[in-house]
Amino acid sequence: MAPLTHPSIKDGWFREISSQWPGQAMTLKVNRILHVEKSLYQDVLVFESATYGNVLVLDGVIQCTERDEFSYQEMIAHLPLASHPNPKKVLVIGGGDGGVVREVLKHDTVEQVVLCDIDEAVIRVSKQFLPHMSSLLNDPRVTVYVGDGFKFLADNTSTYDVIITDSSDPVGPAASLFQKPYFELLRDALTPGGHISTQGECLWIHLDLIQDLLKTTRSLFPVAEYAYTTIPTYPSGQIGFMVCSKEAGRDLSKPLRTVPNTRYYNPEVHKAAFVLPEFGRALLKEGKDLRPKFGANATSKAPTKKVLLLGSGAVARPCAEYVVRNPDNALTIACRTLKSAQALAGDLRNTVAVSLDAGSEDPEKQAALEKAIAEHDLVISLVPYIHHPNVIKAAIKSKTNVVTTSYISPAIRELEEEIKKAGIIVMNEIGLDPGVDHLYAIKTIDEVHAKGGKIKEFHSFCGGLPAPECSDNPLGYKFSWSPRGGLLALLNDASYLANGQQVNVSGKDLMSTAKPYYITPAFAFVAYPNRNSVPFREFYNIPEAETVVRGTLRYQGFPEFVKALVALGWLNLEKKPWLKEGLTWAQVMQQAIGASDANESTLVARVKELCQFPNESESRRIISGLKWIGLFSNEPATVRDGTLLDTLCARLETLMKYEEGERDLVMLQHKFIVEWADGSESTITSTLEAYGEPQGHSAMALYVGVPCSIAVQLILDGVFETPGVIAPYSKEICDPIREILEAQGMGLVEKVL
């Protein structure tokens, strides 16, 4: 049996990272993982911690620990129960760990307790790993009901004296437990004079939500208050409760009886729980916001610059985040669908979402694009590169600056005179590759020239890859978006300079040029040329260079696998009349390779004939990979657009996507062979090895989005003001961008070997 793992546990530490408390996280040292499960409703994790005992985690969020659970369980239960004159029937919704039920049974007036939890896994796992909390679920006074709390409440009106909702945070399914219809059900399920207590979030993080909850509950109950407790392993060490009564005038802060055998709760703590710190009291009682304003929130002035971001790809979010760090900037995010734009805008300050289609030829949609661009000072075009000319033409009309991360295309070059006449800047090639690679190439080249040296060879290779622990498929590669563009790039022609001669490689032979490429002993990379490297001798001002090559890094074994796919016709873009729904993958393979039948043995023999593998080991490796893809299977094929390439993409989108908790790797290295004035030689490298955050941005998104947004800000600030089509090929452009990039903790490490 393989050892248990979980994406929230890295290097022996559990990290509670959530959008519910951005910018902060609770961490606990893990002794061992006890249980991992995907229930019907949520991810369930139990681990033994070094200092807090066993810990139950649902969907990545700590629910309880053996060390501190009592403070929460006691307070959510005893505040409504001890202030009720005679609670007999109690309903607990959620709380499948049993901790609240344990506390309810400390009240001798209680005759019946019903626990209603939708997830049986929580109850089952708690009985195994948290028996001190769940043991009283077997008490004769307790009934356990596994099901939907909403339905249970609707079926049991005017039944319970006290109802306690022990819910998770207001995301996903639990979000409905913080809305008015749920509180109406709670009210209606209470007997006259009944009380409720619900998990009410943290003063330090969710004060606005608490204000909304109080407004909702006060519209339904004559008495509604917020009280709180302290608990080390909950966000910011504090959590609160909405405590309400149907009895007008009842003082919820006054306990009417003592509660035995408590560790946290006592009568004085009960009273004090309703006494709030001033910043909380002022907002909840008087509507005055005393919270400190800092950073971008410290200014109250309206933004003075307007930026339009087109596109909703993975790189857009870090780009958008950087733009709105500056309170002077207002951002509009535009996608083809409003829903995508709204999802991307999320909680960003000074940001609105709209629907625009940069690629449409529809006159109405083109007019909408032109109008939107005219209303902004700058447009960031992160749409597919074929649509950049549409964006730029609209920007020329309204004299709006443009930034893209794409290479300067011939179509953009054709617009250069119009761009200059309009007096606008169209900045390109400012992502990762192209982008960050330019910044450090220009830096080293300028430094070498300044010292009288010559660049004899320039080698630059970059790869966006799964991190080694995630490269667990036959290609050692994963797609963070549609694989179509990535696969088509494998068929591009390439040109480069080697020993003073231009070398041209046709797309069909590209993978045959791949060679092992050493960066560190930890990686088995191969490299092959990418596009046309020849002009970069001029762009980088290195006429003395005899070798200039820019290319792509992949893990060992990738090129040979792609060569096999090419040989078998799977990267073919031609429409195939025979390629229709109803075929199995084996039948598609049979037609693609011209096999006599669709039996696996026949297909394998034909694959070996077409691919001419160099040895049996390589044959086994690649044929096993083809089986992993499913190309020999009798499952129905997902046929797309009548082409083998698109049909393969439909398969790989599922098989080769990044799974939850996985991270990517960006590896970029420049290697300069330098000849100095005294005739000596040295090798200089500039290397980037960056990993994505499983619960945050990918390394690729960060290293494309942030350099782009830095260029945006420099244009807005007037640092770059010369009109025309520009790219970071000069010191004047590269240095300001690189300095700010390094101030963000990003950039390449330079070494002389």
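This report covers selected strands, helices, cores and surface sites of a predicted model.

## Strand S11 and its partners

Strand S11 spans residues 190-201. Of its 12 residues, 11 are buried, so the strand is largely enclosed by the rest of the structure.

S11 pairs with two strands described here. Strand S10, residues 160-166, runs parallel to S11 and is joined to it by 5 bridges. Within this pairing, Thr165 has Thr198 of S11 as its bridge partner. Strand S13, residues 238-245, pairs with S11 in the antiparallel sense, over 6 bridges. Here Gln199 is matched with Phe241 of S13.

## Nonpolar cores

The largest nonpolar core holds 95 residues. Seven names stand out for touching the most other members: Leu310, Ile333, Ile380, Met427, Leu432, Tyr540 and Ile737. Helix H24, residues 699-716, supplies the largest share of this core, with 12 residues. A second core is separate and has 59 residues, among them Val549, Leu571, Ala595 and Leu648.

Leu310 shows what such a position looks like in detail. Setting aside residues up to four places away in sequence, Leu310 touches Ala334, Leu356, Ala358, Leu369 and Val379. Its list also includes Ile380, Ser381, Leu382, Val383 and Val391. Ile380 is itself among the core members that touch the most others.

## Ala441 in helix H16

Ala441 sits in helix H16, which covers residues 436-450. Its relative accessible area is 0%, so Ala441 counts as buried.

Beyond its neighbours within four places in sequence, Ala441 contacts Phe458, Tyr540, His670 and Phe672. Tyr540 also appears among the residues that touch the most other members of the largest core. Ala441 and Tyr729 are 288 residues apart along the chain, yet their C-alpha atoms are separated by 8.8 Å.

## Helices H13 and H19

Helix H13 runs from 388 to 398. Its buried residues include His388, Pro389, Val391 and Ile392. Ala394, Ala395 and Ile396 are buried too. Val391 is one of the residues touched by Leu310. After H13 comes Lys399, with a positive phi near 55°.

Helix H19 covers residues 558-567. Phe558, Pro559, Phe561, Val562, Ala564 and Leu565 are buried in this helix. Residues three or four places apart in an α-helix point the same way, because each turn takes 3.6 residues. The cover over the buried residues of H19 includes two strands, S24 (525-529) and S25 (547-555). It also includes three helices: H21 (600-611), H22 (616-629) and H23 (644-655). Just after H19, Gly569 has a positive phi of about 90°.

## Surface sites

Met1, Leu4 and Val36 form a nonpolar patch on the surface. Together they offer about 340 Å² of accessible area. Leu4 lies in the segment before strand S1 (9-10). Its relative accessibility is 34%, so Leu4 counts as partly exposed.

Glu120 belongs to helix H3, residues 120-129. Glu120 is partly exposed as well, because its relative accessible area is 38%. The C-alpha atoms of Glu120 and Asn266 are separated by 32 Å, with the two positions 146 residues apart along the chain as a sequence offset.

Conventions. Residues are numbered from 1 along each chain as its sequence is written. This is a predicted model: local features need pLDDT of at least 70, side-chain atom pairs count only at pLDDT 80 or more; totals for chains, interfaces and linings use all residues. Side-chain values use heavy atoms; hydrogens and water are left out. Buried means under 20% relative accessible area, exposed over 50%, partly exposed in between (1.4 Å probe, protein chains only). Helices (H or I, at least four residues) and strands (E, at least two) are DSSP runs, numbered from the N terminus. Two strands pair if DSSP finds at least two bridges between them. Patches are made of residues with over 30% relative accessible area and no salt bridge: like charges are joined within 9 Å, nonpolar side chains (Val, Leu, Ile, Met, Phe, Trp, Tyr) within 5 Å. Accessible areas come from the Shrake-Rupley method with a 1.4 Å probe; for residues, only the protein chains shown count as cover. A salt bridge is a side-chain nitrogen of Lys or Arg within 4 Å of a carboxyl oxygen of Asp or Glu. Contact means heavy atoms within 4.5 Å. A nonpolar core is a set of buried Ala, Val, Leu, Ile, Met, Phe, Trp, Tyr and Cys residues joined through side-chain atoms within 4.5 Å.
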